[in-house]
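This report describes one protein chain, starting with its core and moving outward to the strands, the helices and the backbone. The sequence and structure come first.

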Amino acid sequence: MQFIILGSGTHFPDPKRRSAGYLLRDGKDLTLFDFGYGTLLRLVELKVPYQHIQRIFFTHLHKDHFFDLLPFLTTLENQVAQWRLPPRTLTLYGPKGFTRTLKKVFAGLGKKSYKGITIKYHELSRSHVRIGRVSVLSHPVRHYPSIKSVVYRIQKGRRALAYTGDLDYDEKIIPFVRGVETLVIECGFPNELKHKGHLTPRECGMIATKAKVKRVVLTHRFPPCDRVDVVGQCREEYSGVVQLAKDRAIINFY
Ligand SMILES: [Zn+2]
Ligand SMILES: [Zn+2]
């Protein structure tokens, strides 16, 4: 099983670092975590048979985390019709209220439905979803007051990886991510440029230390992070392994 970084960037256009998107690949079983713009093309570049994605877990519905759902659905609808692919079911997971928002977006595009695609919605809070041998757990977090956001913990046996999406510092997530091998965590802005609703490297380090995680992967870094040593800033608070997330990087899960 692999967790592949499709996009380690933000909403700023950057050909090297696409918006947020991650692929959990377990043999032929394909699950996405967020689907920000640029990540559908990344799936094509990586020769992933994206037509067979079965489910998507959204952390929240900011555009850099879900916009590629729209071209994906249109492409799939066309392929089902033109290539005569069998009808398929796509299951979407997200925080409370995401169904209503998504349906409004679809309606705004004149789409009440996508022909040949059945979309199922599941709203999550403190939830547990079972996919074969894998458990996906969710936990609500603070990002902006205007939007609900969740963090995910992917568990297979004793091994676990957590992916945070966007969040502000909140010690309530520490028990939820405790003991994971890899924490793929939003690291929005350098210590000296703290933005409300996002984490700094120091805060990432504090969470990692308190949760006793083995490795931290700093992702979703806004452009000011490119001008400072964010790894060094994180290490001020955390003595484990710190890495910068890079597009196309593979985190093995065995
Ligand atoms: Zn956001
Ligand atoms: Zn974001």
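In this predicted model, Leu218 touches Ile185, Cys187, Pro201, Cys204, Val230, Cys234, Val242, Leu244 and Ala245, leaving aside residues up to four places away in sequence. Leu218 belongs to the largest nonpolar core, which has 60 residues. Together with Ala162, Leu183 and Val216, Leu218 touches the most other members of that core.

**Helix α6**

Two of the contacts of Leu218, Pro201 and Cys204, are also buried residues of helix α6. This helix covers residues 201-210 and is mostly covered, with 7 of its 10 residues buried. Besides Pro201 and Cys204, the buried residues of α6 are Arg202, Glu203, Gly205, Ile207 and Ala208. What do the buried residues of α6 pack against? Their partners are α5 (174-177), β11 (182-186), β12 (215-219) and α7 (230-235).

**Overall form**

The protein has 7 helices and 14 strands. Its radius of gyration is 17 Å, close to the 18 Å given by the globule rule for 254 residues, so the protein is as compact as a globular protein of that length. The C-alpha trace spans about 55 × 35 × 30 Å along its principal axes. Of the 254 residues, 43% count as buried. Among contacts with a separation of 6 or more, 63% are between residues 24 or more positions apart.

An unreviewed UniProt entry places the feature "domain: Metallo-beta-lactamase" at residues 18-220. Over residues 18-220 the chain is 25% helix and 34% strand. The end C-alpha atoms of this stretch are 9 Å apart.

**Strands β4, β5 and β6**

Strand β5 (residues 88-95) is joined to β4 (residues 53-57) by 3 bridges, and the two run parallel. Within this pairing, Arg55 has Thr91 of β5 as its bridge partner. Strand β5 also runs parallel to β6 (residues 117-124), and 8 bridges join the two. Here Gly94 stands opposite Glu123 in β6. Between β5 and β6 the chain passes through helix α4 (residues 98-108), and this β-α-β crossover is right-handed.

**Positive phi angles**

Most residues other than glycine have a negative phi. Three residues of this chain with a positive phi are listed below, each with its place in the chain.

| Residue | Phi | Location |
|---|---|---|
| Lys47 | near 60 degrees | loop between α1 (39-45) and β4 |
| Arg248 | about 80 degrees | loop between β13 (241-244) and β14 (250-252) |
| Lys212 | about 55 degrees | just after α6 |

How many other C-beta atoms lie within 10 Å of Lys47? There are 7, and Lys47 is exposed because a residue with 12 or fewer such neighbours falls in that class. Arg248 has 14 C-beta neighbours inside 10 Å and therefore counts as partly exposed. The loop holding Arg248 follows β13 (241-244), and Val242 and Leu244 are among the contacts of Leu218.

How values were computed:
Residues are numbered from 1 along each chain as its sequence is written. Chains are lettered from A and ligands numbered from 1 in the order in which they are written. This is a predicted model: local features need pLDDT of at least 70, side-chain atom pairs count only at pLDDT 80 or more; totals for chains, interfaces and linings use all residues. A nonpolar core is a set of buried Ala, Val, Leu, Ile, Met, Phe, Trp, Tyr and Cys residues joined through C-beta atoms within 7 Å. A residue is buried if 20 or more other C-beta atoms lie within 10 Å of its own, exposed if 12 or fewer, and partly exposed in between; C-beta atoms are placed from the backbone. Two residues are in contact if their C-beta atoms, placed from the backbone, lie within 7 Å. Two strands pair if DSSP finds at least two bridges between them. Helices (H or I, at least four residues) and strands (E, at least two) are DSSP runs, numbered from the N terminus. A crossover is right-handed if, with the strands pointing away from the viewer, the path from the first strand over the helix to the second runs clockwise. UniProt positions are given in the numbering used here, feature names are shortened, and annotations may be inferred rather than shown by experiment. The radius of gyration is taken over C-alpha atoms; the globule rule is 2.2 Å times the number of residues to the power 0.38.
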